[in-house]
Amino acid sequence: MLNKKYARCLICNQEFTKEEIKECISCPKCGNKGLPSNLKEDVIVKINWHELHILCVWAENWARQIKDISDTQPQLTISCIAKRIQKQYPNKTPLTLAGEIEEVKKEFPTIETNIDDKPNKIAGEFNA
Ligand SMILES: [Zn+2]
């Protein structure tokens, strides 16, 4: 069972076996120091897309508020989790305000907002 995937990085979504991360203090792929997800805890939940949108927008909002006092990259973490969920339903409306702004910018490229919709440069690298 050494090849069985055990954990997933919340930032880059890479999955690892126990052996691959045995001695690691950060993600071997992206360097994220946050706690990875235990794949045994993956669940299927019945939820309405609107309810999920509300949860993601509020989480995104809170992450934006604490970004300067947290060393856990809250905006990046929320953005990466929401994007991983969004990829399961790519034709649904965006789950985050940042995603909604991105959609508006496709229609109106010159529009400007005062919303910090870029968690940081790493997010695009792993979730583009
Ligand atoms: Zn990673």
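A residue is called buried if 20 or more other C-beta atoms lie within 10 Å of its own, exposed if 12 or fewer do, and partly exposed in between, with C-beta atoms placed from the backbone. Residues are numbered from 1 along each chain as its sequence is written. The model shown here is predicted: local features need pLDDT of at least 70 and side-chain atom pairs count only at pLDDT 80 or more, while totals for chains, interfaces and linings use all residues.

**View 1. The whole protein, with 5 helices and 3 strands.** Helices (H or I, at least four residues) and strands (E, at least two) are DSSP runs, numbered from the N terminus. Following the sequence, you meet them in the pattern β-β-α-β-α-α-α-α. Of the 128 residues in the protein, 20% are buried. Two residues are in contact if their C-beta atoms, placed from the backbone, lie within 7 Å. Among contacts with a separation of 6 or more, 47% link residues 24 or more positions apart.

**View 2. An open sheet of 3 strands in the order E2-E1-E3.** Strands count as paired if DSSP finds at least two bridges between them, and the pairing here is antiparallel. Strand E2 (15–17) and strand E3 (37–38) are the edge strands, each pairing on one side only. Between strand E1 (residues 5–8) and E2 there are 3 bridges. Look for Lys-5, whose bridge partner in E2 is Thr-17.

**View 3. Asn-13, in the loop between E1 and E2.** The phi angle of Asn-13 is near 65°, a positive value in a residue other than glycine. Asn-13 counts as partly exposed because it has 17 C-beta neighbours inside 10 Å.

**View 4. Helix H2 (49–66) and its two faces.** H2 has 18 residues and reaches 26 Å from its first C-alpha to its last. That is close to the 26 Å expected at 1.5 Å a residue, where the expected span is 1.5 Å times one less than the number of residues. Which residues of H2 are buried? They are His-53, Cys-56, Glu-60 and Ala-63. Seen down the axis of H2, these buried residues fall within an arc of 95°, so they line one face of the helix; the arc is that of the directions from the helix axis to the C-beta atoms. An α-helix has 3.6 residues a turn, so residues three or four places apart point the same way. The face turned away from the buried side carries the exposed residues His-50, Glu-51, Ile-54, Trp-58, Gln-65 and Ile-66.

**View 5. What covers the buried residues of H2.** The cover includes H3 and helix H4 (97–107). One residue to find here is Ile-78, which touches Ala-59, Glu-60 and Ala-63, not counting residues up to four places away in sequence.

**View 6. The largest nonpolar core, 12 residues in all.** A nonpolar core is a set of buried Ala, Val, Leu, Ile, Met, Phe, Trp, Tyr and Cys residues joined through C-beta atoms within 7 Å. Among its members are Cys-9, Leu-10, Cys-27, Cys-56, Ala-63, Ile-78 and Leu-95. Helix H2 and helix H3 (74–86) are the elements that give two or more residues to this core, and H3 supplies the largest share, 5 residues. At least three residues come from each of domain 1 (1–43) and domain 2 (46–128), with bounds from an automatic or database domain assignment.

**View 7. Gln-65, in helix H2.** Gln-65 is exposed, with 12 other C-beta atoms within 10 Å. The C-alpha atoms of Gln-65 and Gln-75 are separated by 9.1 Å, and the two residues are 10 residues apart along the chain.
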